[in-house]
Amino acid sequence: MLGVVLLLLSSVPWLWTTVAARGHLHDEAGAPTADVVLVLGTEVAEDRRQPGERLAGRLETAAELVRQGRARVVLVSGDGGGASGDEPTVMAAYLTRLGVDPARIVADPFGLDTYDSCARARQVYGVRRALVVTQSYHVSRAVTLCRHLGVEADGVTARCGDCGPALLVEKSVRDYLASGKAAWDVVSGRPPAVRSAEDPAVRDALTR
């Protein structure tokens, strides 16, 4: 009985992220419009110059949203000093190769996790509404965090060429566990790990 109670309690944060994101999740073809599309970082390839498979899927989805006129500016947010490489620099370069105007790309090198990416999008770059692009196992948590941090976010499920069943299970379990930290971050109201002055880069890109 105690085990069941503990399981239910541990599931509350995951249920929160799932329920809070309901009605705000879309596939690429059904995405709404927003001035900004926020692409969340993840591992780059071994050569440290190309995006990893999942990151490439996120960027390809974002580029398609721009091509379709569903977004005007891409904010790439990741860890500029990540273990696998400089995520935002790799992301911006790949978007440019996909045909996105470099003047429409803004890079945040201090999006150290999902919470920080959402918080900094609002607090540093002044983003009030955005499409958030990431894979299916991550998108509910990302949307929920962004909405609780002041960004009117709609999630767009990213392409994922290597998302076989085993990987999806692994990543879904990881995200289930990460929802506890997400809930604590929101309740505690922690600031992002790196605080920065307001940056007009997104606003400037929108006026070009």
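Which residues form a nonpolar patch on the surface, and about how much accessible area do they have together?

1. The patch consists of Val169, Val173 and Leu177, which together have about 290 Å² of accessible area. Please bear in mind throughout that this is a predicted model, so the remarks below concern computed geometry. Of the patch residues, Val169 is found in helix α6, which spans residues 165-188, and Val169 counts as exposed because its relative accessibility is 53%, where the cut-off for that class is over 50%.

2. Helix α6 also has a helix partner that deserves a look in the viewer. Helix α5, residues 136-148, packs with α6 at an angle of about 15°, and the two axes lie 8 Å apart. The arrangement is therefore roughly parallel, since angles under 35 degrees fall into that class. As to handedness, α5 passes α6 in a left-handed crossing.

3. Strands β5 and β6 are worth examining together, beginning with Arg129. The side chain of Arg129 meets that of Asp154 in a salt bridge, with an N to O distance of 2.9 Å. Because Arg129 belongs to strand β5 and Asp154 to strand β6, this pair ties together parts of the chain that are 25 residues apart in sequence. Asp154 is buried, at a relative accessible area of 8%, whereas Arg129 is partly exposed, at 24%.

4. Arg129 takes part in another salt bridge, in which its side chain meets that of Glu152 with an N to O distance of 3.9 Å. This pair too links distant parts of the chain, for Arg129 sits in strand β5 (residues 129-134) and Glu152 in strand β6, 23 residues apart. Glu152 is partly exposed, with a relative accessible area of 44%. The N to O distance of 3.9 Å may be read against the salt-bridge criterion, which requires the atoms to be within 4 Å.

5. At the other end of strand β6, which covers residues 152-157, one finds Thr157. The C-alpha atoms of Thr157 and Val133 are separated by 6.1 Å, although these residues are 24 residues apart along the chain. Thr157 counts as partly exposed, because its relative accessibility is 28%.

6. The segment that leads from β2 to α2 calls for separate comment. Glu43 lies in the loop between β2 (36-40) and α2, and its side chain meets that of Arg54 in a salt bridge of 4.0 Å, N to O. Arg54 itself is in helix α2 (residues 53-67), 11 residues from Glu43, and the pair is one that links distant parts of the chain. The partners are unlike in exposure: Arg54 is buried, with a relative accessible area of 16%, while Glu43 is partly exposed, with 39%.

7. Arg48 lies in that loop between β2 and α2 as well, and its backbone should be checked by eye. Arg48 has a positive phi of about 65° although it is not a glycine. Most residues other than glycine have a negative phi. Arg48 counts as partly exposed, given a relative accessibility of 45%.

8. Finally, on the charged pairs as a whole, a search of the entire structure finds 13 salt bridges. Some of these share partners, and in this way Asp113, Asp116, Lys181, Asp185 and Arg190 are joined into one network.

Key
Residues are numbered from 1 along each chain as its sequence is written. This is a predicted model: local features need pLDDT of at least 70, side-chain atom pairs count only at pLDDT 80 or more; totals for chains, interfaces and linings use all residues. Side-chain values use heavy atoms; hydrogens and water are left out. Patches are made of residues with over 30% relative accessible area and no salt bridge: like charges are joined within 9 Å, nonpolar side chains (Val, Leu, Ile, Met, Phe, Trp, Tyr) within 5 Å. Accessible areas come from the Shrake-Rupley method with a 1.4 Å probe; for residues, only the protein chains shown count as cover. Helices (H or I, at least four residues) and strands (E, at least two) are DSSP runs, numbered from the N terminus. Buried means under 20% relative accessible area, exposed over 50%, partly exposed in between (1.4 Å probe, protein chains only). Axes are lines fitted to C-alpha atoms, for helices over the stretch in contact, and angles run from 0 to 180 degrees between N-to-C directions. Angles under 35 degrees count as roughly parallel, over 145 as roughly antiparallel, 65 to 115 as roughly perpendicular and the rest as oblique. A crossing is left-handed if the near helix is turned anticlockwise from the far one by less than a right angle, and right-handed if clockwise.
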